Amino acid sequence: MRSQSRPQSVVAQLTNGVLLATTLISVAVTLQASVSAEGFQRRGDVDFRSNNGEVSITSDFPGGRMNQCTQISGDTFAITIAPESDPINDSAWYAFRVQAEEERTIRILLHYVGGSHRYEPKISRDGETWQSATHLISGASNSGQDVELRIPVDTKPLWIAGQELLSTDEISQWSNQLTALPYVSKKRIGRSVQGRPVEQLTITQSENPDYVYLIARQHPPEVTGAIGMVQFVDTLAGESNLAKQFRKRFAALVVPTVNPDGVHQGHWRCNANGVDLNRDWSHFTQPETRAVREQLLECRRAGNNRLCLFVDFHSTYDDVFYIPAYNARIFPAGFTKQWFASIQDRFPGYNVSVDDNHNAHRSTSKAWVDRTLGVTAVTYEFGDETDRDMIKQVASGAAEEMMRLLLALPAKNAEIANQSTEPAPSPIQSDIILVSGVSDGEEVILR
Ligand SMILES: [Zn+2]
C-alpha cells in the first residue's frame, strides 16, 4: 500500500532549523510592533514607492494582496499580508508587482498576520505566464509567519504571487471562447455581494438531458482547483467521440467562479461579506450560494430529468477526493467507487486518494447535495503545488472516465420501464478499498 504525506514546504524546512536568519528575526519583531502600533488596512490593494522613488511595489490589480509596505532600509522592504477577516482558514494569499528603475536585488520581508506561509512563490513577467520561484525564499522564522525573499528586479514589471493569477476576467474570456461552440451557452444566474455576475455555462446537445453540475472557486486562492476544472470542462466540450456521445444525453452545467468578489479582491477564503461560502450551505445567507442552490433545485424540478453528479473543485495540500460517507440511497449507486477505480487504472503511477469523512458535519456544498438532493457529490481537490501538467492530464482523464461511466447508466426510459423487475445497478468490478473514519488532513489511499 502506498502512502502519501503532506510535502514539507521550503519554508517548513527553513523554519525547522536548516536556515534561520537572525537579521530576519529582529526585523520581524520590529515589524510586528509597527503593525500593531500603526495598523494596516484589511483591503489588499496598496501602492508603494521607495524613498528615492526607484522601487515601486503595488498590489492594486485584480487578485492583488499586500496590506502594508514599508521601507526598512535601502533595498529592504517589509510587506504585511493579512486576511480579509479574522480568524480564517490558513490559506495566506499574497500577490504584488515590483518594478525598479535599474537592475538590483531587493530583500522583501513578508510578515503574515492571522496565518503563515503556505503557497510557494510564483513569478510572471506579463501577469499571464507563470513559473514556480521557490528559489526566491532565503529565510523563514516564527513557524512560517515571517519569510524572507530575495528578488532580482529591473525596469520590467515582475508579478510575485502565491499561485498563478487566474482572474475573473481570464475565466470569462475562457468561457466566452467556449460559447463560440454551438452547444455551449452562458447565462448569469445571480450577482455577488458587490454586484459581479455569477455565471453558468451549459454544455449539451440534448433537448432533454440528464445533468452533471460542476462548480469552482468558492475559495479564491484555490487556483489549482480552477485549473483542474477548466481542463475537465474543456474535455466535456471537446471533439472526442466520447464527449459527443456524452453531450447527446447529458448537460454539464458549470459555475466556474462562485466567489468573483473574493477572487477579484485577493481574499484568502471568503466573499465580500467575510463569509466562507463553503460553510454557507445550510442557511444560505449569501447571494452566491443562493444563486447556485436555485440552479441545482431547478435541475430537480426539470420534469423527468435527473441530476447525476455534483463536483466542487478546490485545492489543498495534496490531490484528494472528499466524498460523503457511503449512503445506499444515493444516486447513481456505487458511482464514486467505480469512478475513482477507473481513474486509478488509467494512471497507475498516480495516487488516487479518497477521504469520506472530511468536514462531514459542516455546511459544505457536497454535504448539502448529498443530504438534500440524494445525488452523488464530490469535492475534487488538487494539490497546491501539484505539477500543472499532471493536473491537466488527470483532470482530463477523470472527465473521460466520468463520461464513460455515466453513459453506461441505464437510460431514463429504460430505468422507468424496468423499475419493478430489475435490481438497482451496482456493477462494481474493482477491488478498491475505501477506509472510513479518518480525521481531517489524513488521506485514505485506494489500492
Ligand atoms: Zn476550498
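Here are three short exercises on this predicted model, each with a worked solution.

Two ground rules: residue numbers start from 1 along each chain as its sequence is written. Since the model is predicted, local features need pLDDT of at least 70 and side-chain atom pairs count only at pLDDT 80 or more, while totals for chains, interfaces and linings use all residues.

**Exercise 1. Work out where Ala133 sits and whether it is buried or exposed.**

Step 1: find the loop. Ala133 lies between strand S8 (131-132) and strand S9 (137-141); strands are DSSP E runs of at least two residues, numbered from the N terminus.

Step 2: count neighbours. Ala133 has 17 C-beta neighbours inside 10 Å, so it counts as partly exposed. The scale: 20 or more other C-beta atoms within 10 Å is buried, 12 or fewer is exposed, and partly exposed is in between, with C-beta atoms placed from the backbone.

**Exercise 2. Find which residues Ala133 is in contact with, leaving aside neighbours within four places in sequence.**

Step 1: apply the cut-off, which is C-beta atoms, placed from the backbone, within 7 Å.

Step 2: read off the partners, which are Pro121, Lys122 and Ile123.

**Exercise 3. Decide where to be wary of the coordinates, using pLDDT.**

Step 1: get the overall picture. pLDDT is the predictor's confidence in each residue, from 0 to 100. The chain averages 87, and 84% of the residues score at least 70.

Step 2: look for weak stretches. Residues 1-5 stay under 50, with 10 contacts beyond four places in sequence. Residues 17-38 are also below 50, and have 28 contacts beyond near neighbours in sequence.

Step 3: conclude. Where pLDDT is low, don't read the predicted coordinates in detail.

Conventions: Helix = DSSP H or I, 4+ residues; strand = E, 2+ residues; numbered from the N terminus. Contact = placed C-beta atoms within 7 Å.
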